[in-house]
Amino acid sequence: MNSKGSASGANTEARRALRVGVIGAGVMGSNHARVLAGLPGVTLVGIVDPLPEHRTRATEFVGCRAFVSLDELLSEGVDAVTIAAPTHLHHEIALACIARDIHILVEKPIAPTVQEGLDIVDAARRAGVTLMVGHVERFNPAVAAIKQAISAEDILSIGITRVGPFPPRMSNVGVVIDLAVHDIDLIRWFTESDIVEVQPQLSSAVAEREDIALLQFRTASGVLAHINTNWLTPFKARSVTVATRGKYVMGDLLTRQVTECFGFKPDGSYSMRHLPVGHDEPLRAELIAFLEAVRTGNLPAVSGDEGVASLEIAIRCLESPARPAATTARKGPRRVAG
Ligand SMILES: NC(=O)c1ccc[n+]([C@@H]2O[C@H](COP(=O)([O-])OP(=O)(O)OC[C@H]3O[C@@H](n4cnc5c(N)ncnc54)[C@H](O)[C@@H]3O)[C@@H](O)[C@H]2O)c1
């Protein structure tokens with residue numbers, strides 16, 4: 001079952017509820033299922049996970065059916081799925097769904113390698129199915145307010161901080177693929193330009209992979225940007241600043257307060273105002289955008305090509321190997337949670 005129906009059936013197709021499944025009942029997948037279960041015009045067919053305890057947790061949390069395998073879910077008939085399995089499985093699962101004409105939203109990063117990401121993009125294009133990548137931060141209302149504030153501006157520089165404690169369970173990726181890829185996507189989206197120069201500084205203070213990254217970029221349009229990310233900060237912080245010729249915009253992505261400074265005068269004075277920011281849950285807005293793209297056949301909000309471009313920049317950052325942090329840092333042991 002899919003929603004690529006013939007022209008004569010197009011209106012009926014667009015009106016009927018979309019049958020959607022979720023693949024992976026972990027942290028993200030359970031949230032996908034929770035949100036999908038509450039969306040109008042959607043029938044949540046179920047969630048797939050090989051682990052019985054994760055299936056049980058998801059069915060209790062969301063009240064939907066759970067399946068052991070992808071085939072079991074697909075045999076129920078689905079139009080679209082969201083793929084929230086571990087990243088190393090995105091390629092295999094995405095291709096299996098595309099081969100059955102099923103529209104897919106793939107969690108970020110699209111794949112572990114650029115080649116696998118390109119394979120997914122290529123297969124989706126040939127099959128004519130919708131492929132969207134889950135760069136959910138674009139749907140954060142504070143990010144949307146910043147994007148709007150700078151839309152007609154000549155952007156000069158962007159600074160993004162995304163720091164916090166170690167995640168409860170360490171996966172096999174470091175901060176660049178886990179965290180900075182969100183901000184690489186934001187820099188590309190804010191500037192509507194490609195990143196052409198990358199200057200990474202990486203360090204591994206506690207984890208095997210990099211747990212501190214200071215990344216500098218230049219876009220084709222000439223914007224300078226930097227990302228400061230780490231797992232060594234005891235509290236979460238996410239902030240964005242954008243300097244344009246006419247404005248300085250500051251956003252806190254957690255409190256969702258966005259402020260702009262403008263009207264700069266020769267005597268150094270300027271005006272400030274808080275910008276209106278919406279209240280949407282980012283994941284809900286993301287899934288609505290995906291399903292809208294499925295229904296209309298329009299380009300999704302975050303395309304596969306964009307997901308691959310951000311992954312490619314993140315991987316370029318990793319080409320300079322992480323070095324151990326200052327030797328003194330080794331003296332004071334830090335606890336890695338989980
Ligand atoms: N957009 C975001 O902000 C964001 C945040 C966290 C994670 N992610 C991404 O979401 C994906 C999942 O991350 P997570 O933190 O939820 O991980 P997780 O480990 O909590 O969940 C992954 C789940 O997939 C299940 N799984 C394993 N093999 C499977 C298979 N063959 N079929 C179906 N399910 C399978 C696991 O049992 C587990 O329940 C990753 O790609 C990650 O990068 C995105």
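Trainee: Let's start with Phe264: what does this residue count as, going by relative accessibility?
Mentor: Keep in mind that this is a predicted model. The relative accessibility of Phe264 is 42%. Exposed needs over 50% and buried needs under 20%, so Phe264 is partly exposed.

Trainee: Which residues form the nonpolar patch on the surface?
Mentor: Phe264, from the loop between β13 and β14, is one of them. Together, the patch residues have about 410 Å² of accessible area. Its members are Tyr248, Phe264, Tyr270 and Met272.

Trainee: Okay, on to the ligand: which side chain has a polar atom 2.9 Å from a nitrogen atom of the ligand?
Mentor: Let's go through a few contacts. A backbone N or O atom of Val27 sits 3.0 Å from a ligand oxygen, and a side-chain N or O atom of His90 is 3.0 Å from an oxygen of the ligand. The side chain you're after, with its polar atom 2.9 Å from a ligand nitrogen, belongs to Glu107.

Trainee: And how much of the ligand's accessible area does the protein cover?
Mentor: On its own, the ligand has 840 Å² of accessible area. The shell around the ligand has 13 nonpolar, 7 polar and 4 charged residues. The share of that area covered by the protein is 78%.

Trainee: Which residue does a cis peptide bond join to Lys108?
Mentor: Most peptide bonds are trans. Here, though, omega is about -10 degrees, and the bond is cis. The partner of Lys108 lies in the loop between β5 and α6, and it's Pro109.

Methods: Residues are numbered from 1 along each chain as its sequence is written. This is a predicted model: local features need pLDDT of at least 70, side-chain atom pairs count only at pLDDT 80 or more; totals for chains, interfaces and linings use all residues. Side-chain values use heavy atoms; hydrogens and water are left out. A polar contact is a pair of N or O atoms within 3.5 Å; within protein, one must be able to donate a hydrogen and the other to accept it, and residues adjacent in sequence count only if both atoms are side-chain atoms. Accessible areas come from the Shrake-Rupley method with a 1.4 Å probe; for residues, only the protein chains shown count as cover. Ala, Val, Leu, Ile, Met, Phe, Trp, Tyr, Cys and Pro count as nonpolar, Asp, Glu, Lys and Arg as charged, and the others, Gly among them, as polar. Patches are made of residues with over 30% relative accessible area and no salt bridge: like charges are joined within 9 Å, nonpolar side chains (Val, Leu, Ile, Met, Phe, Trp, Tyr) within 5 Å. A salt bridge is a side-chain nitrogen of Lys or Arg within 4 Å of a carboxyl oxygen of Asp or Glu. Helices (H or I, at least four residues) and strands (E, at least two) are DSSP runs, numbered from the N terminus. Buried means under 20% relative accessible area, exposed over 50%, partly exposed in between (1.4 Å probe, protein chains only).
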